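I am opening my notebook on a protein chain and want to write down what I look up, one topic at a time. The sequence and the model come before my entries.

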Amino acid sequence: MSLLESEDENTPLLPGDAEIIEDADRSRWKSIRVMYFTMFLSSVGFTIVITSIWPYLQKIDHTADASFLGWVVAAYSLGQMVASPLFGLWSNHRPRREPLVCSIFINVSANIYYSYVYLPPSYNKYHMLLARAFVGFGAGNVAVVRSFVAGATSLKERTSAMANMSACQALGFILGPALQAALSFIGEKGFFVDFLQLNFNMYTAPALLAACFGVINVLLVIIVLREHRVDDHGKQIRAINYVSEEQVSIAPDVEGDIDQIAVLTSNILFFIILFIFAVFETISTPLSMDMFSWTRKDAVLYNGIILAAIGFESIIVFLAVKLISMRIGDRPVLLSGLVIIFIGFFILLPWGNRYPKIQWADIQNNSMPAIALAANPHPNDTVDPTGCPFEQIWCQYTPAIHLAQYITSDILIGVGYPACNVMSYTLYSKILGPKPQGVYMGWLTASGSGARTLGPVFVSQVYTLLGPRWAFSLICAIVLAAIILLTAMYKRLIAFSVRYGRIEER
């Protein structure tokens, strides 16, 4: 409840004022829903190829290894990290439609480029790297989307709106792998479209579909989106980038400074949350192929189904978070999510006395040394090799991860990650308060993108060299550090209006 009652609350409405306010609210929520859809399509654009990148990379360039896969996955986030502050700054001073249309156009072009990376006679893996970097650069508009929704909602509406946006993101997370799994039935060969010089197969079709989604998104942004900004109580005020002849209240200067310590803490926590999930995304396909002897096609299909199921689970979590946070607050939900993630990765640690099947040979891995395996590494080139590659020495002494472990870990991370994700940037937007949020949201998105850049590189290097035991032990240590940081800074992570006594904390 507000401690300082607004003077306008007791002012009688003039004839027609109620209708104007209703129209403004209707336009505001239409624009917010366009942002939901933009976030949904951004998520689809990323996840629709995530399970097929590794087999596609192996198919177009035989020199690519698991370490390079980490760079390819990270390229998306590196591009997003560079673009997010730029698009955020742009949106602070110009209508948000401009950076949104520009970024989506870049995204569409990059997805088309990705569909043709097999054409060059050499260096195909580097073309894939560039294509994913440009896709990520286009996805830098997430900062614009978050700042728009934060600025267009009251403090009371904020958690619900952010949860809805995250639910749309999760729905895209579901639909992406599900579409990839469905398109896998086209097969690796697919068919050739002569006039486009395009090999339409299970690897190129998802990227082309993402490009089509981008065209739809551009049309919606141009036709429907309008600039809106409200104060913490929901009153319409004019944004600094507002371009209109309508008479709207001008935003007053807000007294009080943003708590920069809380901002820094929020960025660190968001970095860790995105880092650990980027690790999980990147390692799922190689891990399942190594531990469960899945073929490339099986890994794409099964992991697509698993990720889609996690997405459905995330939507349920987002709906639950909206209700739970109203009762106990945002910070306890964030802390609980981190604890659940820690348990999920702890369960994933290898144990037992069963070892993974070594690639190229149907023998017990402790009965023949790696030298003997290397003597005839390709006994049958017509068969898709399965199992843990003998080049990864840890395959010979690290216990296999059981499928039950993998599924249980997926379920727990599917609960903890969405709770942490929505609560981290909901808290962040409340900490910033009524101040312009474009650049700050740009830095938050860049923080997450930095995590998505380093996470895949980190896990691909550690996993390839040392195996899952070291990789997941280090992740557990990082999550534990995040829990300690959140506990230490708990009292500072509060809304701007609560900090300055304008609204009571619930």
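**Entry: the largest cavity**

I began with the inside of this predicted model, and I noted that 27 residues line the largest cavity, with Ser-43, Gln-169, Leu-274, Tyr-417 and Arg-452 lying nearest its centre. I then looked up which elements give two or more residues to this lining, and I wrote down H1, helix H3 (66-93), helix H6 (142-151), helix H7 (155-183), helix H9 (260-292), helix H10 (296-328), helix H13 (403-432) and helix H14 (438-466). Which element gives the most to the lining of the largest cavity? I found that H1 does, with 5 residues.

I also sorted the lining by class, and for the largest cavity I recorded 13 nonpolar, 11 polar and 3 charged residues. The space in this largest cavity comes to about 380 Å³, and the count of cavities of 30 Å³ or more is 8. I reminded myself of the idea behind such a search: rolling a probe the size of a water molecule over the atoms shows where empty space is left.

**Entry: Thr-47 in H1**

I stayed with H1, which covers residues 17-47, and looked up Thr-47, which has its place in this helix. Is Thr-47 buried or exposed? I noted a relative accessible area of 2% for Thr-47, and because buried means under 20%, Thr-47 counts as buried. Setting aside the neighbours of Thr-47 within four places in sequence, I listed its contacts as Gly-172, Phe-173, Gly-176 and Pro-177.

**Entry: the aromatic rings**

I turned to the rings next, and I recorded that the structure holds 20 aromatic pairs. For Tyr-56 and Tyr-114 I wrote down ring centres 5.3 Å apart and planes at 65°; since planes over 60 degrees apart count as edge-to-face, this pair is edge-to-face. I located Tyr-56 in helix H2 (residues 53-60) and Tyr-114 in helix H4 (residues 97-115), so that the pair, 58 residues apart, links distant parts of the chain. I added that both Tyr-56 and Tyr-114 are buried.

I then set Phe-277 and Tyr-417 beside them, an aromatic pair that is stacked, with 4.0 Å from centre to centre and 10° between the planes. This pair also links distant parts of the chain, with Phe-277 in helix H9 and Tyr-417 in helix H13, 140 residues apart. Both Phe-277 and Tyr-417 are buried. Which residues form one aromatic cluster with Phe-277 and Tyr-417? I found Phe-280, Phe-345 and Phe-472 there. Looking back at my cavity entry, I noticed that I had already met Tyr-417 among the residues nearest the centre of the largest cavity.

**Entry: the cysteines**

I looked for disulfides and found that the structure holds 1. I recalled that a disulfide is a covalent bond between the sulfur atoms of two cysteines. In this model Cys-388 is joined to Cys-395, with 1.8 Å from S to S, and the link is left-handed, with -50° about the S-S bond. Both Cys-388 and Cys-395 are buried. I also checked two other cysteines: Cys-212 is partly exposed, with a relative accessible area of 47%, whereas Cys-476, at 7% relative accessibility, counts as buried.

**Entry: two loop residues and Ala-182**

I looked up Gln-197 because its phi is positive, at about 55°, although it is not a glycine. Gln-197 is found in the loop between strand E1 (191-193) and strand E2 (198-200), and at 44% relative accessibility Gln-197 counts as partly exposed. I noted a positive phi for Ser-293 as well, near 55°, with Ser-293 placed in the loop between H9 and H10 and partly exposed at a relative accessible area of 23%.

I found Ala-182 in helix H7, where it is partly exposed with a relative accessible area of 46%. The C-alpha atoms of Ala-182 and Pro-206 are separated by 9.7 Å, and these residues are 24 apart along the chain.

**Entry: the whole chain**

I closed with the totals, and I wrote down 16 helices and 5 strands for the protein. Buried residues make up 56% of its 506 residues. Of the contacts with a separation of 6 or more, I noted that 82% are between residues 24 or more positions apart.

Methods. Residues numbered from 1 in each chain as written. Predicted model: local features only at pLDDT ≥ 70, side-chain atom pairs only at ≥ 80, totals over all residues. Heavy atoms only, no water. Helix = DSSP H or I, 4+ residues; strand = E, 2+ residues; numbered from the N terminus. Buried < 20%, exposed > 50% of the residue type's maximum accessible area, 1.4 Å probe, protein only. Contact = heavy atoms within 4.5 Å. 1 Å grid on protein atoms, 1.4 Å probe; cavity = no way out; pocket = protein on both sides within 12 Å on 5 of 7 lines; lining within 4 Å. Points joined across faces, edges and corners; volume = space filled by probe spheres on them. Nonpolar A, V, L, I, M, F, W, Y, C, P; charged D, E, K, R; others polar. Disulfide = S-S within 2.5 Å. Phe/Tyr/Trp six-rings, centres within 6.5 Å; stacked < 30°, edge-to-face > 60°.
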